[in-house]
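Colleague: I am new to this one. Could you walk me through it, one short question at a time?

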Amino acid sequence: ISGIASILLIILAVDLVLGPLLTFVVFKPKKRTLKLDLSVIALIQICALSYGIHTVYQAHPLYVVYAIDRFTPINTNEISISKIKYDELKKSKLSGPTLAYLKKPTDPAEMSRVTMEVLSGKPDIDTRAEYYAPFENHLDDVFTKSLDTNAMLTKPEHKIILNDFIAKYGKTLDDYAFLPLVGKAKDVLWVFDRNTGQPVDVVQISPWS
């Protein structure tokens, strides 16, 4: 849902084209400059691959933050880890995503300031690491905002997906919390086990449909 798959596909396509295609164009067994040509092609490939890896590094989700009523993946280039208050949430930017809970400012003046900054074009509140808190400490608050599965069951296409989910994982729909997960490519529902507090799977249902 983060859209990173398309970036990886472009990187793969570019490197596959740059290497074999350019080699095919310049390759002549008795060509005196063949080694130089192949060296240049290798250098171009290395540069392209390095740029691709850097792009993926910048675009990969470092946190998945629950803010207000939804989860949002926050990429490496969107956040300043140094502002995080909780040691258990501080991590290397080379690591995979970590769940976090966004605690909105309780001071009305501070909340008003943040709102005005967002309206003026500054980063939204879900990217502000100073408000991140451990996710597991706020499970009850998150799960109370689970979407109504009875409403989803009224749509035949959603009913099929939910029945398939229960057939795969067991229990009943009431044992799970269905929460919006908002991505750059598409939005889905992230399903959590209410008893363990752990994510189970993603279902391909738009939270807004």
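Modeller: Start with a term: two strands pair if DSSP finds at least two bridges between them. By that rule, alanine 67 stands opposite arginine 70 in S2. Keep in mind that this is a predicted model.

Colleague: In which sense do S1 and strand S2 pair, and over how many bridges?
Modeller: S2 covers residues 70-75. One bridge joins valine 64 to proline 73 in S2. The sense is antiparallel, and the bridges number six.

Colleague: How many residues lie between S1 and S2 in the hairpin, and which residue in the turn has a positive phi?
Modeller: The two strands form a hairpin with two residues between them. The loop between S1 and S2 holds the residue in question. Its phi is about 70°, although the residue is not a glycine. The residue in the turn is isoleucine 68.

Colleague: In which sense do S1 and S3 pair, and what is the bridge partner of valine 64 in S3?
Modeller: S1 and S3 pair over four bridges, in the parallel sense. Valine 64 also has a partner in S2, proline 73. In S3, the bridge partner of valine 64 is leucine 99.

Colleague: Is S1 buried or exposed?
Modeller: Buried means under 20% relative accessible area. Seven of the seven residues of S1 meet that mark, so the strand is largely enclosed by the rest of the structure. S1 is buried.

Colleague: And how many residues of S2 are buried?
Modeller: S2 has six residues and is mostly covered. The buried count is five of six.

Colleague: What separates the C-alpha atoms of tyrosine 66 and leucine 99?
Modeller: Tyrosine 66 is found in strand S1. Its relative accessibility is 1%, so tyrosine 66 counts as buried. Leucine 99 is 33 residues away along the chain. The separation of the C-alpha atoms is 7.8 Å.

Colleague: Which strand gives the largest share of the largest nonpolar core?
Modeller: That core has 16 residues, and Tyr63, Val65, Ile79, Ile84, Leu102 and Tyr132 touch the most other members. Strand S1 (61-67) and strand S3 (98-102) are the elements that give two or more residues to this core. The largest share is four residues, and it comes from S1.

Colleague: How many residues are in the second core?
Modeller: This core is separate from the largest one. Its members include Tyr101, Phe143, Ala177 and Trp190. The count is 14 residues.

Colleague: How much space lies in the largest pocket, and how many charged residues are in its lining?
Modeller: The space is about 150 Å³. Among the lining residues are Lys85, Lys103, Lys104, Glu110 and Glu130, along with Tyr86 and Pro105. The lining divides into four nonpolar residues, one polar and, last, the charged ones: five.

Colleague: At what distance does the side chain of aspartate 193 reach the backbone nitrogen of asparagine 195?
Modeller: Aspartate 193 lies in strand S6, residues 187-193. Its relative accessibility is 8%, so aspartate 193 counts as buried. Its side chain reaches the backbone nitrogen of asparagine 195 at 2.8 Å.

Colleague: Which residue's backbone oxygen lies 2.8 Å from a polar atom of the side chain of threonine 127?
Modeller: Threonine 127 lies in the loop between helix H3 (108-119) and strand S4 (132-134). It has a relative accessible area of 13%, so threonine 127 is buried. The backbone oxygen belongs to aspartate 124.

Colleague: What separates the C-alpha atoms of leucine 162 and leucine 173?
Modeller: Leucine 162 lies in helix H6. At 0% relative accessibility, leucine 162 counts as buried. Leucine 173 is eleven residues away along the chain. The C-alpha separation is 8.0 Å.

Colleague: Where does lysine 171 lie, and what value is its phi near?
Modeller: Lysine 171 lies in the loop between helix H6 (156-169) and strand S5 (176-182). At 42% relative accessibility, lysine 171 counts as partly exposed. Phi of lysine 171 is positive, in a residue other than glycine. The value is near 65°.

Key:
Residues numbered from 1 in each chain as written. Predicted model: local features only at pLDDT ≥ 70, side-chain atom pairs only at ≥ 80, totals over all residues. Heavy atoms only, no water. Core = buried A, V, L, I, M, F, W, Y, C linked by side-chain atoms within 4.5 Å. Buried < 20%, exposed > 50% of the residue type's maximum accessible area, 1.4 Å probe, protein only. 1 Å grid on protein atoms, 1.4 Å probe; cavity = no way out; pocket = protein on both sides within 12 Å on 5 of 7 lines; lining within 4 Å. Points joined across faces, edges and corners; volume = space filled by probe spheres on them. Nonpolar A, V, L, I, M, F, W, Y, C, P; charged D, E, K, R; others polar. Polar contact = N/O pair within 3.5 Å; in protein donor to acceptor, adjacent residues only side chain to side chain.
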